[in-house]
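Me: I would like a close look at one part of this structure, with the reasoning spelled out. Please take the helix that comes earliest in the chain and explain what surrounds it.

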Amino acid sequence: MLEEKNIVEHLNLKVVDQEGGEAFMKLGHFTPLGRLMKEYAERQGKDLATHRFFYEGDRIKSHQTPSEIGIDDGDVIEVVSENVDGYN
């Protein structure tokens, strides 16, 4: 099915934070985006609950998949970290 549409098996996504930091991640078309969110927070050494993820201005929910919300290979996910107790 993926071969018929010339779609790559895994998406290469760029996660960009509000300070311009970038992280590159791979994810399957039907893998819940919660996996990307958790991995990003772990890489940053911060609590997942302090991060908000957006695609094209819409907040991403952890149960959504890239195919469900139209994410394509090479797309950018924006992440905003909340300030907790005055610290990032």
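Reply: What follows starts with the chain as a whole, turns to helix α1, and then goes through the sheet and the charged pairs.

The model is a predicted one. The chain has 88 residues, and 34% of them count as buried. It holds two helices and five strands. Read from the N terminus, the elements come in the order β-β-α-β-β-α-β.

Helix α1 covers residues 34-44. Its buried residues are Gly34, Leu36, Met37, Tyr40 and Ala41. These residues span an arc of only 160° around the axis, so they sit on the same side of α1. What covers them includes the strands β1 (10-17), β2 (22-28), β3 and β5. The helix lies across these four strands, β1, β2, β3 and β5, and runs at about 150° to β2. Just after α1 comes glycine 45, with a positive phi of about 70°.

One of the buried residues, tyrosine 40, also takes part in an aromatic pair, and the structure holds one such pair. The partner is phenylalanine 53; the ring centres are 5.8 Å apart and the planes stand at 90°, so the pair counts as edge-to-face. Tyrosine 40 belongs to helix α1 and phenylalanine 53 to strand β3, so the pair ties together parts that are 13 residues apart in sequence. Both tyrosine 40 and phenylalanine 53 are buried.

Helix α1 also holds a charged pair. Glutamate 39 and arginine 43 form a salt bridge, with 3.2 Å between the closest N and O atoms. Both residues lie in α1, four residues apart, which is about one turn of the helix. How buried or exposed are they? Glutamate 39 has a relative accessibility of 33%, so it counts as partly exposed. Arginine 43, at 46%, is partly exposed as well. The general idea is simple: side chains of opposite charge can pair when their charged atoms come close.

Now for the sheet that α1 lies across. Five strands form an open sheet in the order β2-β1-β5-β3-β4, with mixed pairing. The edges are β2 and β4 (58-59); each has a single partner strand, so one side of each has no neighbour in the sheet.

The word "mixed" can be followed strand by strand, starting from β1. Strands β1 and β2 run antiparallel and are joined by seven bridges. Within this pairing, histidine 10 stands opposite glycine 28 of β2. The two strands make a hairpin with four residues between them, and glycine 20 in the turn has a positive phi of about 90°. The pairing of β1 with β5, in contrast, is parallel, over four bridges. Here lysine 14 has valine 76 of β5 as its bridge partner.

Lysine 14 brings the account back to charged pairs. A search of the whole structure finds three salt bridges, and the pair inside α1 is one of them. In another, lysine 14 is joined to glutamate 22, with the closest N and O atoms 3.4 Å apart. Lysine 14 is partly exposed, with a relative accessible area of 24%. Glutamate 22 is partly exposed too, at 46%.

Arginine 52 and glutamate 82 also meet in a salt bridge, at 2.8 Å from N to O. This pair links distant parts of the chain: arginine 52 is in strand β3 (residues 51-55), while glutamate 82 is in the segment after β5 (76-81), 30 residues apart. Arginine 52 has a relative accessibility of 21%; buried would mean under 20%, so arginine 52 counts as partly exposed. Glutamate 82 is partly exposed at 35%.

One figure for the whole chain goes with such links between distant parts. Among contacts between residues at least 6 apart in sequence, 54% join residues at least 24 apart.

To return to the request: helix α1 has its buried residues on the same side, and what covers those residues includes β1, β2, β3 and β5. Tyrosine 40 is buried and pairs edge-to-face with phenylalanine 53. Glutamate 39 and arginine 43 of the helix, joined by a salt bridge, are partly exposed.

Terms used:
Residues numbered from 1 in each chain as written. Predicted model: local features only at pLDDT ≥ 70, side-chain atom pairs only at ≥ 80, totals over all residues. Heavy atoms only, no water. Salt bridge = Lys/Arg side-chain N within 4 Å of Asp/Glu carboxyl O. Buried < 20%, exposed > 50% of the residue type's maximum accessible area, 1.4 Å probe, protein only. Arc of directions from axis to C-beta. Contact = heavy atoms within 4.5 Å. Phe/Tyr/Trp six-rings, centres within 6.5 Å; stacked < 30°, edge-to-face > 60°. Pairing = 2+ DSSP bridges. Axes fitted to C-alpha atoms, helices over the stretch in contact; angles between N-to-C directions.
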